[in-house]
Amino acid sequence: MAKKISTPANIESAAPAPATAAASSETKLRMPAEEKYAAELAYLASVDKDPRPFAWRLSPRMIRTFILGAGPGDSFDRPIAQKFFGDASLVERAIVTLASDRGLLLIGDPGTGKSWLAELLAAATSGNSTHVVQGTAGTTEDHIKYSWNVAMVIAGGQSRESMIPSPIMTAMQRGEMGRFEELTRCGSDVQDALISILSEKYITIPELRGDESVVYAKPGFNMIATANSRDRGVNELSTALKRRFNFVTIPIVTNKKSEKEIVLFRTRELMARHTISVDVPPTMLDILLQTFADLREATANTASEDQRLESSLSTAEQIGVLEDALLHSNFFGDKALQPGTLARSLVGTLVRRVPEDVSILNKFWHASATETEGVKKRKKGEEAATSAAPKSDKSPEWEAFVAGGKQALTSFK
Amino acid sequence: MTSILDPALLDPALQALRTQLEAAAAAFAGDSAHLGALLRAMIEDVQRATAEPVEVFPVKHHSPASALHMLRRLRARAPKVIYMEGCEDLNASLAGLHHCRFPVALQAYAPEAPAFPVDWTPLNVVLPLTEFSAEYQAIAYCLQNPGTKLVFVDRSVDHVFQWMPRGGPPPGSDDEADDGGAEPEEAEAEAGEGESAGNTGNLHGGAVGLQIGAMQPTFGDFLDVLLRNAKVRHYSEWWTQYVEGPTLACDYGTYRQVFFLVGSLLRRIGITEKDRVADCERERYMWTRIREHMKAHAIDPREAMYVCGAIHAVSPIPEFGSKGTAWTVPAKTPTQWFYGVVPSSYAAIERQFSLPAGEISIAQSMWDKGLQALDLKPFKIEAEKKESENKPTVRKKAAAPAAASAPVDVVPAAVSGAGLRDFLTRPPTFVAADDEQLMRWCVEIVRLARKNGYTSSTADTIAILHTATLLARLRDRPHPSPYDFQDAAVTCLEKDRVPGRRDVRRLCQILLGGDRLGRVGYESLPPLAQDVYDRLAVLGVNLKSSRIERALLDIQGRPELLPASDLLWRLRYLGAGVRPIMGERTLGHKPKQESWDIEIGKHQSSLIQLGYEGLTIEQVLEKRLKAKAFEATSRAAKALEAAEDSVLYLRSGRLTRELGLRATELLRAELGGNDAPEIFQRVRGLVHYYRTLGMPDWIKDFVSTGYRHYATLLPTAFTDRGTAPRQLAAMLAFIFTQEALAFSMGCERSQLLIAVAQAEPDDPPKIALRWAAQWILGQRSEDEIRADFQHLLHSQWLLPAFPEYMAGFLLALEFTPRISRLAVEFLSRAFAALPDEVLVPWLPKLVVTLRPLGSGVMQTLVKEAGLAFPRELGKLEAWEFAWDRSVPVAPPPAPKARSEVKPAAALAVERSPVELAVATLLRAEPATLDALAGLLGVAPTWTPLAGAPEAATASAAEAEAEPVAEPVASAADTPLAQLLAAHPEALQALAARLQALT
């Protein structure tokens with residue numbers, strides 16, 4: 001049924017075998033979740049005894065375990081790593097939504113892990129996370145439903161063969177998860193094409209006749225969409241579409257401990273691509289996290305939009321900074337991560353608009369970063385343990401970090 | 001019934017359980033020695049607690065299961081005495097629980113506590129009680145049945161504070177989260193900062209909260225593991241699912257053992273070492289008290305019940321039990337405590353003990369459900385009936401439930417360890433599914449959401465139901481808990497966050513019962529509060545309402561409202577939940593109409609706390625004012641303020657006099673003039689106020705003391721750099737403005753003369769002040785001052801200091817408006833003469849100097865300036881400063897001149913002889929102007945030239961043509977005339993031309 005023409009998804013989708021995983025890591029820059037965690041998924045499926053809704057590969061409980069990781073209490077034979085760091089109930093709500101009649105819309109600031117969660121969910125439920133439609137201003141209804149291979153239509157007329165199904169249609173036909181990235185980036189008329197897909201669960205093809213004219217969704221199909229909360233108001237969802245989605249808001253991680261875990265987890269993963277194994281010194285990580293925490297606080301306390309950085313200061317941003325700094329120190333530096341390098345990466349990553357962001361950072365750098373003592377005092381000792389290291393203002397890392405940042409800022413002139 | 005107390009019966013079953021657990025430990029844990037030891041110890045704990053002859057009743061705070069079991073237990077078998085965990089001295093406030101709407105809190109309050117650190121006071125302890133707690137049921141039972149006595153046995157409130165670590169933050173304030181957020185005495189005081197607007201979360205204020213049966217794990221790692229394995233978010237959720245629910249319906253013996261077991265688990269690995277030590281201390285205390293009481297009242301241990309937190313029930317201390325070792329209770333501090341009942345609220349309790357929001361309402365819904373399922377009637381604390389019918393009803397009540405409950409009562413505590421074993425080995429029995437309730441919730445939440453602006457429909461109801469069920473299954477629950485329901489509702493309903501709209505989670509809380517605000521009934525209030533209620537009754541607003549009530553007082557129309565208004569002002573002064581919207585209270589102000597926002601219902605607790613300080617509001621107010629004036633660090637200004645407040649709020653001559661005399665006394669002892677500005681302002685106000693009523697002697701005394709005192713201080717103040725010019729000015733102001741009164745009290749000016757003569761100031765502002773003072777005293781003439789300032793202006797070296805001199809001189813305006821003319825003169829000169837680099841930086845300072853002088857001074861200055869400067873532009877040319885004229889003749893002011901001229905006559909502009917000549921000439925040769933007038937389109941009419949030579953016309957055309965054109969209106973008012981007057985060149989040229997032609 002599936003057409004080879006549509007997306008690379010289809011080429012891959014032929015049941016990713018665990019054996020091929022190692023081989024494909026050579027040929028693919030980034031493997032989809034179902035290939036990357038193929039062994040885990042296969043194992044979980046083998047021990048899963050709970051009923052599975054529709055044609056899901058795993059039961060909801062196992063999906064939860066897959067995403068949130070297993071503890072010693074779960075008594076599995078192999079470790080299941082935690083892949084998404086966040087509130088457990090949020091993941092539960094997302095899983096349950098997929099099992100229900102409604103689509104799932106993940107909303108959050110950029111860099112909060114919406115797409116990652118969507119990918120994990122799709123991989124765990126249907127073993128294929130590649131039925132993705134990327135929403136852009138140029139997305140048309142054809143991208144959501146189907147289009148025609150013009151040459152074949154001229155040669156043989158309109159038929160199922162000459163039709164190019166969209167990733168979503170493919171997902172429907174196979175009973176798998178369809179994903180829609182950045183739903184709010186495309187226009188309302190295009191968005192509304194989803195309404196009938198979500199409620200009737202079929203797509204009609206008026207050009208064809210008879211049985212051919214309707215493509216029904218197999219059980220197991222559902223939609224996972226993501227939307228950026230910064231785009232709110234650009235292309236507001238219609239009420240009808242809103243009703244067909246359950247919204248799950250993914251907050252920015254503010255818990256220091258889990259943020260640390262995320263940053264380390266992701267950075268290790270990214271560095272593994274370059275076969276660099278790095279140890280981020282804990283003090284560096286603390287400096288990075290503390291600076292971001294202070295920046296967030298400073299941003300939250302400013303009233304006007306002009307005084308805010310364009311960056312959302314999300315966890316992904318931190319990972320970006322750290323990755324940049326690590327790569328820099330690995331290729332051009334003396335391997336070990338230096339505070340100055342980190343500061344330069346931070347400034348380089350956060351400055352997007354040249355006069356505005358530089359001046360905001362400049363102010364921050366001189367008001368807060370240099371006086372970390374003062375910043376700390378305002379928050380009551382909740383993070384006494386973590387902030388103990390950078391708290392001593394004399395620590396040489398902090399000084400080097402501050403100096404590096406200032407140097408980077410001067411270079412912007 | 002005795003079976004429960006017989007250890008012989010229990011042991012075998014528990015022993016079997018123990019063996020089984022040990023086997024399990026050996027099988028599952030690699031390090032079985034530790035686990036085995038732990039499990040064994042836990043079982044031993046259970047055995048020990050069960051074997052205790054005193055019936056130990058383990059509870060958890062606000063736990064419906066505990067309450068239900070307490071209810072059933074008391075129905076089945078009433079003990080003679082109930083010992084309860086709870087500060088022993090709070091017994092005193094139990095009586096106040098009648099007439100209350102729950103939740104309320106027992107309170108102990110100490111306004112002063114010299115034995116404790118200063119920043120701790122006032123010490124405040126609250127013990128909130130909800131209706132669905134075991135302690136409430138026990139208290140209610142004991143209040144209804146005099147046969148059973150209730151005794152609080154825990155350490156006294158005093159010890160609560162004694163055992164707190166000194167040097168830490170004040171208790172009750174936002175305390176540092178040390179280990180798990182709990183203080184040793186389970187006072188997890190979280191309240192303190194941050195007014196949560198609109199809700200009652202901050203009701204307890206900075207009080208230290210106590211709970212009966214606190215069972216919060218304080219050891220972070222333990223809690224993490226517990227929550228993670230149970231797949232729940234909060235400890236309370238875990239509790240509800242794994243302990244509360246299963247024990248709700250099980251029999252009493254099992255309930256006890258399960259609670260013992262959980263308590264033992266928490267005690268052994270769930271709490272921090274610090275908490276464990278503190279717990280031991282308290283348990284020693286409690287058991288010592290229990291034994292003392294039993295001995296004193298000859299009570300058989302078997303007839304007693306001991307209600308305490310499950311953690312305390314499994315204490316390993318040697319003092320445990322009716323036969324435990326003795327212990328001496330530490331002494332109390334001499335702090336005087338007051339006891340009472342204050343209203344509480346669910347939100348306040350949740351906040352105080354950092355429970356997740358909505359927790360208490362969920363507990364309440366479980367309680368209601370449990371009552372319904374078991375068909376029980378709870379004990380209620382009700383208002384006492386009249387004495388005559390009291391006893392029979394109580395007996396009847398006591399008898400009736402026993403009969404009624406007989407069939408309900410499940411196996412009256414004929415319990416063996418098998419109960420616990422069964423409980424642990426069988427799969428957990430959860431509360432029976434209540435689909436109907438869930439359905440109702442789903443429907444209700446959609447309705448509620450729609451009401452709050454969400455676009456929700458029946459489709460959502462179905463989706464919520466579906467999602468809730470799925471969520472529950474995902475979380476290993478056969479039936480959705482309220483938490484699952486909440487999550488489902490949020491998932492399905494919340495699409496985007498709109499500021500100002502309630503979010504779905506909040507709606508769910510409202511649905512499950514929402515916040516409830518307790519109220520203390522009138523009868524249970526302290527006399528002060530009752531008095532306030534009585535006296536405010538005349539306003540006709542609902543004082544019990546928890547909302548803001550608006551009271552409108554038309555005092556002029558209804559003079560009987562005046563006392564109520566007085567009372568409201570007093571309450572406001574004491575900060576007890578009233579706020580004036582319109583109306584003021586100042587010296588001598590007669591109130592006509594006032595409107596008030598009254599929130600007494602919500603802030604009942606502050607009123608109750610006032611009640612600890614006195615019998616009436618007036619008494620408390622007097623106390624406060626006196627404390628303010630008589631404390632060791634008080635200053636004259638403060639005492640005077642207190643005196644003024646006493647005039648405003650109390651109208652008690654005696655008190656005012658006392659405070660006033662105290663102020664005089666303080667003033668006499670004061671060494672500097674730091675407070676002089678404030679004292680001066682207050683005295684001026686008071687003297688002004690008393691002038692119409694007759695001066696009381698204290699104010700006379702104060703003024704004469706002040707006069708002498710400040711006169712004495714003057715020479716030092718002039719030279720001392722520590723005294724600011726403003727303070728010096730205020731001292732002089734005091735002296736000069738109150739001079740008359742002071743003279744009448746026997747002061748003499750000679751003192752002042754000598755003092756001023758002694759003053760040798762160095763600073764420019766003070767020198768200027770001295771000049772002003774000397775001028776008033778006649779020691780320096782106006783011309784001399786002028787000469788001084790001229791000297792400043794003309795000396796290049798002194799010029800930069802001119803602004804400072806001026807600043808000082810302007811300060812003198814406060815006490816003598818007479819210098820305003822001079823001030824204007826000097827300012828004008830300064831603007832004219834000062835170079836820019838001195839003038840421009842000075843200008844902002846000038847504004848700053850003038851501002852505190854008040855509007856009155858500014859008015860005088862402006863008026864004076866208005867007199868000094870020309871009013872019209874036309875006069876500018878001929879104008880010169882009044883003080884520059886050699887002859888100090890005051891020219892007739894312009895408006896006067898205008899009023900003299902006849903209405904029909906022309907401008908009030910003087911004419912020079914030349915102009916006069918031109919006018920005469922024009923009248924002789926009218927043809928040109930007639931033609932001109934024709935061109936301008938006006939009828940040429942000539943008014944006769946005023947005969948007298950001084951009557952004049954400004955310039956020919958304007959003067960003659962215009963007034964004729966509009967004879968009625970004053971010519972100066974027409975725009976054309978003004979324009980011409982402003983630019984006379986054209987006409988003057990015309991006139992010159994005409995003259996040349998002739």
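## Strand β8 of chain A and the nonpolar core

Chain B of this predicted model has a secondary structure of 41 helices and 11 strands (DSSP runs numbered from the N terminus: H or I of at least four residues for helices, E of at least two for strands). Residues are numbered from 1 along each chain as its sequence is written, with chains lettered from A and ligands numbered from 1 in the order in which they are written. Local features need pLDDT of at least 70 and side-chain atom pairs count only at pLDDT 80 or more, while totals for chains, interfaces and linings use all residues.

Let's start with β8(A). Because 7 of the 7 residues of this strand (residues 222-228) are buried, it is largely enclosed by the rest of the structure. Here, buried means that 20 or more other C-beta atoms, placed from the backbone, lie within 10 Å of the residue's own. Asn222(A), Ile224(A), Thr226(A) and Asn228(A) cover one side, with Met223(A), Ala225(A) and Ala227(A) on the other.

The table gives its pairings (at least two DSSP bridges between two strands).

| Partner of β8(A) | Sense and bridges | Residues standing opposite |
|---|---|---|
| β1(A), residues 103-108 | parallel, 5 bridges | Leu106(A) and Thr226(A) |
| β5(A), residues 177-181 | parallel, 4 bridges | Gly178(A) and Met223(A) |

Now for the largest nonpolar core (buried Ala, Val, Leu, Ile, Met, Phe, Trp, Tyr and Cys residues joined through C-beta atoms within 7 Å). Among its 327 residues, Leu121(A), Ala138(B), Val307(B) and Met731(B) touch the most other members. Helix α26 of chain B (residues 697-719) gives the most to this core, with 11 residues.

Notes: A residue is buried if 20 or more other C-beta atoms lie within 10 Å of its own, exposed if 12 or fewer, and partly exposed in between; C-beta atoms are placed from the backbone.
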